[in-house]
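Work through the two exercises below with the sequence and the coordinates at hand. Each task is followed by a stepwise solution.

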Amino acid sequence: MTTDRGKARDQQDEVEPAVGPAPAGEPEFHPYHHPAAGWGAAKSVSGFLVREGAVVDGSRAIMRMNHERTGFDCPGCAWPDDTKGLHLDICENGIKHVTWEMTGKRVGREFFAAHSVTELSGWSDYDLENQGRLTGPMVYDPASDHYVPISWKDAFEVVGAALRGLDDPNQASFYTSGRLGNEATFLYQLMARELGTNNLPDCSNMCHEASGRALQASLGTGKGTVDLKDWESADALFILGVNAASNAPRMLTALAEAHHRGAQIVHINPIVEAAATRTIVPHDFVDMAILRTTRTSTLNLQPRIGGDMALLRGMAKAVLEQSETDPRALDREFIDRHTAYFDEYRALCEATPWEEIETQSGLGRADILEAVRVYSEADRTIVSWCLGLTQHEHGVDTVREIVNLLLLRGNLGREGAGPSPVRGHSNVQGNRTCGIDHRPSEEFLDRLAAACSIEPPRAHGLDTVATIRAMHRGDVKVFVGMGGNFALAAPDTPYTYEALRACELTVQVSTKLNRSHLVHGRRALILPCLGRTEKDHQRRGIQSTSVEDSMSMVHLSRGMKRPASPHLLSEPAIVAGMARAALPDSRTPWAWYIEDYDRIRDTMAKALDGFEDFNRRVRLPLGFRLRQPARELVFLTPSGRAEFSTAALPDVVPAPGTLALGTMRSHDQWNTTIYSDNDRYRGIKNLRTLVFMNRADMRERGIADLAPVDVTSTAKDGSRRSVHGYLAIPYDIPRGCAAGYMPELNVLCALSDHSTQSDQPIMKHLRVTIDPAA
Ligand SMILES: Nc1nc2c(c(=O)[nH]1)N[C@H]1C(S)=C(S)[C@@H](COP(=O)(O)OP(=O)(O)OC[C@H]3O[C@@H](n4cnc5c(=O)[nH]c(N)nc54)[C@H](O)[C@@H]3O)O[C@H]1N2
Ligand SMILES: Nc1nc2c(c(=O)[nH]1)N[C@H]1C(S)=C(S)[C@@H](COP(=O)(O)OP(=O)(O)OC[C@H]3O[C@@H](n4cnc5c(=O)[nH]c(N)nc54)[C@H](O)[C@@H]3O)O[C@H]1N2
Ligand SMILES: [Mo]
């Protein structure tokens with residue numbers, strides 16, 4: 001029990017809460033020289049299973065994870081399952097994630113009776129989640145400052161009464177975290193739209209919003225076009241802005257296989273992450289036994305933070321220059337038949353001087369030309385990316401530049417080629433497909449209206465940043481969080497806290513206790529739900545839910561564990577309960593839907609494009625792949641073609657004395673869920689409040705290794721925010737760049753610091769000064 005340690009932190013400034021556990025020792029930094037995954041991962045997993053008291057259950061669950069039909073989908077990330085039916089494609093972090101859900105610890109009514117909300121507010125986030133699984137619905141009692149039990153019926157009535165009492169349905173906002181299965185997602189957006197609002201913010205607004213908008217604009221499909229088979233046949237893989245060994249570990253398998261067959265693998269990242277070196281393939285027992293490592297990279301380039309677009313432009317420029325002497329440098333036929341605005345793009349590349357490309361990317365011409373050589377020699381190229389590209393002011397332009405580069409050589413709509421964003425949460429892509437979109441298209445709304453006999457609102461709703469602002473103003477009075485940890489995940493922590501506290505009602509549907517339960521509205525509910533690993537028993541039997549992975553594969557997930565408590569409800573049931581209370585005259589058969597999720601799927605089949613015959617197809621052995629028009633070279637763009645974009649290069653060079661700071665995850669965390677204070681692949685132990693810096697930048701500022709520093713950000717609106725006493729870690733990162741961990745550093749990201757292109761908070765590119773601690 002860690003309560004005492006939590007209490008000792010009561011004095012802590014609430015705005016900078018301790019996020020991780022109390023450190024197990026002194027902070028340490030020893031650069032990591034071992035391969036990714038392998039025995040280090042195996043050791044970490046077994047230690048974790050023992051700690052969570054889940055050795056038997058955890059091990060059994062792992063054997064069922066990602067099994068077709070009878071297994072549950074790994075909630076760890078959105079990387080697709082192995083297509084060859086090899087079911088051991090599991091990873092250290094997926095196992096940790098599942099085990100964290102299956103813990104034997106419980107947060108029952110006695111716990112809430114023993115600890116006031118004020119007391120819990122002083123606990124670290126680690127300690128909060130580490131109490132275990134929530135067991136029954138709770139309501140905040142302001143008189144005692146405790147959460148007290150409430151029946152499900154009364155809880156739904158609290159939500160219903162609050163929603164019915166609003167002057168305007170747009171005074172409510174319905175957040176989704178990307179865990180939510182498709183069926184619950186569909187019901188959730190239906191409830192919001194039947195109420196009359198498109199206020200459907202989601203974690204994707206902070207994650208891949210830029211990718212969706214860019215791909216939509218360029219290709220008319222807001223998703224990647226490739227699948228795992230393509231990964232298996234590409235000649236060149238470009239991996240930009242992703243820490244795969246920690247955040248999409250199953251990609252390591254794909255990279256190792258690619259290397260075995262002689263493919264080129266180029267990593268583009270200011271930091272050389274573990275996945276950009278070598279791996280021991282996690283499920284290859286022979287490799288594990290003999291410590292055989294496989295390289296997972298053939299070239300590493302370290303651009304400055306935000307320098308990717310210039311690098312991509314440079315590559316395109318070089319390809320165009322080559323085409324003057326070598327006609328095979330371009331795929332002219334593809335360009336002529338399938339694209340628009342090529343001449344404009346070529347003119348733009350010609351007009352962009354090499355000096356500008358080098359300065360803005362932070363790379364020398366020779367490095368850029370090395371990447372071009374790989375690209376030009378490959379018949380089939382995949383470009384893959386994650387947050388290192390999206391959480392920037394120019395995230396949309398940068399992702400469009402990826403498409404520009406791919407189009408030049410016809411790397412689209414054929415095997416082994418195309419854009420491949422790595423999505424975050426395991427079902428974040430499915431959420432969008434099934435209607436979580438604050439800017440729904442007219443076609444989507446028309447179909448929904450016809451399938452569900454409702455009149456959905458047509459005005460666009462609020463996204464994450466706009467919801468925070470509206471809550472702060474008092475314009476949004478009811479906040480519902482379907483999963484996630486909004487208080488901690490969102491930017492500008494103190495401002496977000498004020499916004500949540502200004503609400504009349506906050507409702508959190510969760511599996512574990514977290515900060516968002518403590519930073520709440522005047523009234524507050526915690527509604528605990530089943531996890532993905534657990535049996536979902538409804539009137540007509542055990543139910544499965546469907547999810548969609550990063551590569552548009554939709555398949556069923558079925559939990560097999562006894563629920564953590566008999567009082568938990570499934571997410572679809574919680575949505576239906578809220579909807580019935582909020583919409584007493586609704587003609588939607590909410591209760592009937594919950595008896596059998598096949599009924600929800602039958603309606604989804606009518607309402608959603610690509611879901612025809614949903615119930616049958618989702619039961620195929622590996623599920624089914626959603627149609628990707630761009631993959632078939634059908635472009636739903638204004639021109640009916642793939643459109644080159646022609647954005648000017650942004651100036652990303654930090655002003656003198658300032659640095660560009662990116663926030664990222666450690667190896668031992670899952671977004672706001674922290675497992676330990678270690679970051680194994682980056683050689684960090686017992687420390688989260690740190691900044692990775694270039695040694696020359698440290699020297700220039702008189703900062704010694706592991707010395708305490710103050711970090712101050714200057715927002716777009718000129719306002720400043722600081723953190724104090726962080727330790728500086730000398731690291732292999734370009735000059736002018738720095739990095740540290742989310743969610744601690746969210747305090748540095750002002751609400752105004754969001755991209756004008758995507759409205760995404762620019763969490764990878766804060767403008768900061770770093771000085772020795774005062
Ligand atoms: N174990 C685990 N798995 C996860 C998660 C987790 O927290 N833990 N989170 C999930 C979620 S929701 C998401 S969205 C994904 C996130 O997956 P990632 O995108 O890998 O997440 P980050 O840790 O933010 O790391 C971003 C990477 O971008 C690099 N980077 C920063 N700035 C730049 C830049 O300007 N250019 C380039 N090229 N690179 C840059 C950083 O060095 C880092 O390697 O992972 C998902 N999977
Ligand atoms: N500075 C900075 N901030 C960031 C980012 C960054 O890179 N830098 N990344 C952003 C990104 S990419 C994302 S996706 C967001 C993440 O934002 P969120 O998705 O809101 O946050 P999580 O930490 O994933 O949510 C964890 C909580 O989800 C609940 N939970 C877990 N499993 C389930 C389940 O099955 N059902 C339900 N209902 N609840 C469950 C648990 O109570 C747990 O406490 O953070 C964003 N914030
Ligand atoms: Mo994410």
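**Exercise 1: the lining of the largest pocket**

In this predicted model, α10 (209-219), α22 (428-433) and α23 (442-452) each give at least two residues to the lining of the largest pocket. Describe the largest pocket by its volume, its lining and the classes of its lining residues.

Solution.

Step 1. Start with the volume: the largest pocket has about 1,200 Å³.

Step 2. Count the lining, which consists of 33 residues. Nearest the centre of the pocket lie Gln216, Gly220, Gly222, Asp437 and Ser441.

Step 3. Find the main contributor: α10 supplies five residues, the largest share of the lining.

Step 4. Sort the lining residues by class, which gives 13 polar, 12 charged and eight nonpolar.

**Exercise 2: a helix pair**

Characterise the packing of helix α8 (residues 152-164) and helix α28 (residues 571-582) by axis distance, crossing angle and contact residues.

Solution.

Step 1. Two packed helices are described by the distance between their axes and the angle between those axes.

Step 2. Here the axes of α8 and α28 come within 7 Å and cross at roughly 50°. Because of this angle, α8 is oblique to α28.

Step 3. Assign the handedness: the crossing of α8 with α28 is right-handed.

Step 4. List the contact residues. From α8 they are Trp152, Phe156, Glu157, Val159, Gly160, Leu163 and Arg164; from α28 they are Ala573, Ile574, Gly577, Met578, Ala581 and Ala582.

Step 5. Classify the contact of α8 with α28: nine residues are nonpolar, two are polar and two are charged.

Definitions and conventions: Residues numbered from 1 in each chain as written. Chains lettered and ligands numbered in written order. Predicted model: local features only at pLDDT ≥ 70, side-chain atom pairs only at ≥ 80, totals over all residues. Heavy atoms only, no water. Axes fitted to C-alpha atoms, helices over the stretch in contact; angles between N-to-C directions. Helix = DSSP H or I, 4+ residues; strand = E, 2+ residues; numbered from the N terminus. Parallel < 35°, antiparallel > 145°, perpendicular 65-115°, else oblique. Left-handed = near helix turned anticlockwise from the far one by under 90°. Contact = heavy atoms within 4.5 Å. Nonpolar A, V, L, I, M, F, W, Y, C, P; charged D, E, K, R; others polar. 1 Å grid on protein atoms, 1.4 Å probe; cavity = no way out; pocket = protein on both sides within 12 Å on 5 of 7 lines; lining within 4 Å. Points joined across faces, edges and corners; volume = space filled by probe spheres on them.
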